Amino acid sequence: METIIKGLLNQPTLQDNFKSAFITKLLKGTAELRKPDASVLLDYGFGLKSNPKTLFQSQTGDRILLAVSIAHFDLFKARFHNDWFHGLIADTTTSLDYVRNIPLIMTVARRKEAMASTEEEKTDLKLNMETIEHFAEKRCVSAEPPLEYAVQRLFVTMFVALPDTRPLAKSTYIEFLVDHLAVMPIASSPIPQSNIHPSKNAVSLLQQCWENGPDDVFMTMPHLFLKLSDDEHECSIGVGHLLQAVPENYTSVVDPFIQNLDSTVLWRLKFTVQRLINWLVTIDIPGIGIWIVAIMESLASRGEFNLLRDLADQNAYKIARQLAFKARRDDALLILRLMLLGYHHSPVLFHNIAQGLIPLLVSCRKTPEDIAFATEVSNLAQTLVFHFGDSDGLGSKVQKARTSLDLPAVPRTEALRTVQDYAWKKSLQIQNTSAGLRRKPAFVQPLGKVGLVNLGNSCFMNSALRALFCSTDFKQAILNDTPKVEPSKVMTVRLRETFLGLSTPRLSIITPSALYKALPDWLNNGHQQDAAEFTKILFSRLEDEDLSSKGALASFHGTVVNQIKCSTCGTVSSNKEDFYDLTIPLPRSDSTDLQSIVDVFPSVEELNEENNNKYFCDHCKSLQAAKKYTMLASVPTNLIISLNRFEFDVKRSRHIKINTPILLRESIHINIQDGREFQSYDLYAVVIHTGESANHGHYYTFARDSAAATAGKGGDEATRTWLLYNDTSITVSNFEAMQQNLAKSRTETPYMLFFRKADKTNVDNTVLRTQKSISNL
């Protein structure tokens, strides 16, 4: 069969449509081929696809691979196994290799995806997809320097065709897609036909990310604005189409982003606004005006009036001219209203623009849509006349045009109120108007708190940061650390930046991407990680980078003493260990009480032959039975207890989760030294892991300020109120609701518990009598 097809392809006199029809008929007999013949045909189809001389040859290769995969899938999967993917990827080094091999990878993977039916085939397919995903992550999405645009476009096409190959590191993936749109080989001109599909693909992929929730939108916007504000590089109109695709209610992210910028870089936003205005006046991008207004209002709130004045002086006329174009007029009117009413320009500017508004009124047809627009224009013209004065009979001309369309008159009091509302020197509230939807105010979090954007499975970091930020001593030590930290001290600097953002209520939401990127590669790879492990790594890096951080960590510092007594000679060896958190075993049961879990100190462990853990005694010079005593020598101000919920199952060769529910208490007692003394602690934060598995799930945090834990009903509402922190979502809660929710759940389980040392109190004697001590163990 391959000989006949080869002969057909080599016939220059035959038309492609004739060749195509004959090949289609021929391939219907693929199922009747013997295995050796089918294998030869498969190799021939692979050769056509991997090294085509014409588009028709490539298409023929596709059809052969399709026919063989359907009729002889066993041959197909044996030929294209996972090692084949690895080998092809290893051989992909040049741009020509990418152009040749990525379509081949897509074709083979899609055929295996369509045909996989057994568990073995699905497992093999999953390995293939993971291999391709790793290839895309390392070679394209995280490539430095970036791949050329044509190769990026192939990867974007692959992400659309094979969703399972999309990189797991979501923040990096989103940045790649924005960068891809920004470097499309076009500037401020309509997208060429050849580029329409790639642009739509990248925008569609980002929209699919946004379907996961607002965090992914918040993750996209800063990088998008970074591209728009880059005055050294061209920015493709593809970014404008992306901005157009962002849901309008997410303009609320603009203000937190701009409020968080250093004042020394605000001037760059002039390029952002100018670029968007240039697109508005040359290309039809409905909805772009709402973003221009959002940026300008935020700049006004930062007091950047000179920058706004320059933008208005340079653009007011050309924006006014866009009122004549139906597709652009709503956006133009939004911007023009803000520019003209924001501050006192020269009256000449306003009068000239107002003169131009009159013909627009006269030319409006009496359709509902045109009348609504004409009303907005008339109101603006009348208000400008009231505000800047009537000259050259401008007021009478405006009134004549208004009455010809029977439009309402604007009372002077209303005109003055409008001018006041649009003044740049105060925050502006945006409402729905017939000229289009205008920005709503940025939402305000409860009690002035600030949300953390999930960067793609980064909830493990967000939840732990929440609890640490509520640890008053630690937070203040980080924020008040006066010594200058070298830029090389990445973790220390990034944590301080994150805490500063969380301390700024007007931001509402911040994106901790800089801190996330400062983590080790294995911890920021887009996979779900362990919140307790993150905390250990964070504390370790803080110690290594900055000696002053040891002072910040002092509130978590405690010591454990281990004593081992040889049962033969009675010799006691002792060592002391520092700790910043205590990991405590968790029993497997239907439920358990928090106090019973933490009541493990002091502990005694038998070291003997039966337990296969005999102790080497230096005095006896041999392995001996012994007893190991563990006790707390000193306890910290802030105590972190990590429950050992995850363990390795040898039989199943994977980590599993212990889903024992826990009855939480607001206060616990921790035994000190030999158990004759104890310290009371008050709960102030709980990191929750939800999910059945150790490798999957989600983290969120219940917390209040640690200073409020020992203040009883004192302190202000913001510090003593329990809040549920779930990435960007923050809701008011209370201890009882949290306790009831977690007491019976086997999926939403407390994992890390944060306590504040209580003031010295009198404890009932019955409590004292039940304390464990070394003497009664």
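# Close-up views of a predicted model

**View A. Between helix H8 (119–141) and H9 runs a loop, and Pro145 lies in it.** Keep in mind, as you look around, that this is a predicted model. Which form does the peptide bond from Glu144 to Pro145 take, cis or trans? The bond is cis, and its omega is near -5°.

**View B. Helix H9 (residues 149–161) crosses H10.** A helix pair can be described by two values: the angle between the axes and the distance between them. Here the axes of H9 and H10 come within 11 Å, and they cross at roughly 125°. An angle over 115 but not over 145 degrees is counted as oblique, so H9 is oblique to H10. As for the hand of the crossing, H9 and H10 make a left-handed one.

**View C. Helix H18 (residues 329–342) and helix H20 (residues 368–388) form another pair to look at.** How do H18 and H20 lie, roughly parallel or roughly antiparallel? Their axes come within 11 Å and cross at roughly 10°. Angles under 35 degrees count as roughly parallel, and therefore H18 is roughly parallel to H20. The crossing of H18 and H20 is left-handed.

**View D. Here is the second largest pocket, with a volume of about 1,100 Å³.** Its lining is made up of 33 residues. To find the middle of this pocket, look for Pro222, Phe257, Asn260, Leu261 and Thr511, the lining residues that lie nearest its centre. Elements giving two or more residues to the lining include helix H10 (170–182), helix H14 (254–259) and strand E4 (509–510). Which element gives the largest share? That is H12, with six residues; helix H12 covers 214–228. Sorted by class, the lining of this pocket has 18 nonpolar, nine polar and six charged residues.

**View E. Four strands make an open sheet in the order E6-E5-E12-E9.** The pairing in this sheet is antiparallel. In general, strands of a sheet pair through backbone hydrogen bonds. Which strands sit at the edges? They are strand E6 (572–579) and strand E9 (603–607), and each of these pairs on one side only. From one strand to the next, the twist averages 20°.

**View F. Now follow E12 and the two strands it pairs with, E5 and E9.** Strand E5 (residues 558–566) and strand E12 (residues 626–634) run antiparallel, joined by eight bridges. Two pairs can help you find your place: Val561 has Met631 of E12 as its bridge partner, and Asn562 stands opposite Thr630 in E12. In a regular strand, the side chains alternate between the two faces of the sheet. How many bridges link E9 and E12? There are five, and this pairing is antiparallel too. Look for Leu607, whose bridge partner in E12 is Ala626.

**View G. The loops before and after E9 each hold a residue to look for: Pro602 and Asn612.** Pro602 has its place in the loop between helix H29 (594–598) and E9. The peptide bond from Phe601 to Pro602 is cis, with omega near -10°. Asn612 is found in the loop between E9 and strand E10 (615–617). What is the sign of phi at Asn612, positive or negative? Phi is near 60°, a positive value in a residue other than glycine.

Definitions and conventions:
Residues numbered from 1 in each chain as written. Predicted model: local features only at pLDDT ≥ 70, side-chain atom pairs only at ≥ 80, totals over all residues. Heavy atoms only, no water. Pairing = 2+ DSSP bridges. Axes fitted to C-alpha atoms, helices over the stretch in contact; angles between N-to-C directions. 1 Å grid on protein atoms, 1.4 Å probe; cavity = no way out; pocket = protein on both sides within 12 Å on 5 of 7 lines; lining within 4 Å. Points joined across faces, edges and corners; volume = space filled by probe spheres on them. Nonpolar A, V, L, I, M, F, W, Y, C, P; charged D, E, K, R; others polar. Parallel < 35°, antiparallel > 145°, perpendicular 65-115°, else oblique. Left-handed = near helix turned anticlockwise from the far one by under 90°.
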